[in-house]
Amino acid sequence: MTRKKRTLIYGTTLIMVGLIIGLAISSNFNLQGKAFTEEANISKESADILSKTGQAMAEVAAAVKPAVVNISSTKTIKISGSQSPFFDDPFFRRFFGDEFGRLGRPREHKQSGLGSGVIVDKDGYILTNNHVIRDADEIKVKLSDKREFKGKVIGTDSKTDLAVIKIDSNHLPVIKLGIRNN
């Protein structure tokens with residue numbers, strides 16, 4: 001018998017033995033299909049309250065969804081290169097080429113941020129987090145109906161991590177802040 005066949009037979013045998021042992025162990029557990037609420041002694045009233053709370057959260061989410069926006073930002077980051085004396089050495093440049101010398105030069109790359117916000121005014125004012133748009137070169141706002149707008153920073157507060165941006169549109173869906181008694 002070849003070595004490959006023997007290894008295959010031993011491997012298959014070990015897998016089969018493992019499956020049989022796993023089935024035997026799992027059959028010893030009492031898995032009768034009792035409801036979780038019965039096992040944990042949760043009252044029907046508590047389960048009903050949790051169910052109603054879940055339904056209320058779903059209704060609130062559906063009501064505010066049109067006023068929730070996706071915000072993506074990009075900024076250019078400048079990284080200073082290392083100022084090693086080896087970068088200008090002809091000996092190293094001979095082996096590593098001219099690209100070796102460019103490692104010491106400053107480089108730029110784009111950094112992206114992603115977050116959410118809520119429209120708080122029908123004329124396009126949006127409340128978001130400051131860290132999402134801080135130092136951004138470009139801000140894109142995508143509404144739940146898939147429309148996209150360019151955003152402009154109106155104001156920021158780093159202590160509370162809040163920012164206000166504006167898009168050029170009007171008659172937008174608005175989220176109501178706080179409870180209003182009419």
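Modeller: Before we start, contact means heavy atoms within 4.5 Å. This is a predicted model, where local features need pLDDT of at least 70 and side-chain atom pairs pLDDT 80 or more, while totals for chains, interfaces and linings use all residues. Residues are numbered from 1 along each chain as its sequence is written, and side-chain values use heavy atoms, without hydrogens or water.

Colleague: Happy to begin! Beyond neighbours within four places in sequence, which residues is Val141 in contact with?

Modeller: Val141 is among the residues with the most contacts inside the largest nonpolar core (buried Ala, Val, Leu, Ile, Met, Phe, Trp, Tyr and Cys joined through side-chain atoms within 4.5 Å). Its partners are Val69, Asn70, Ile71, Ile126, Arg147, Glu148, Phe149, Gly151, Ile165 and Ile167.

Colleague: Which element gives the largest share of that core?

Modeller: The core has 14 residues. Strand 1, helix 6 (130–133), strand 4 (138–142) and strand 6 (162–167) each give two or more (helices are DSSP runs of H or I, at least four residues; strands of E, at least two). The largest share, three residues, comes from strand 6.

Colleague: Is Ser73 buried or exposed?

Modeller: Ser73 is found in strand 1, residues 68–79. Its relative accessible area is 5%, and buried means under 20%, exposed over 50% and partly exposed in between (1.4 Å probe, protein chains only). Ser73 is therefore buried.

Colleague: Which residue's backbone oxygen does the Ser73 side chain reach?

Modeller: Beyond its sequence neighbours within four places, Ser73 is in contact with residues including Gln111, Ile133 and Glu138. At 2.6 Å, its side chain reaches the backbone oxygen of Val132.

Methods. A polar contact is a pair of N or O atoms within 3.5 Å; within protein, one must be able to donate a hydrogen and the other to accept it, and residues adjacent in sequence count only if both atoms are side-chain atoms.
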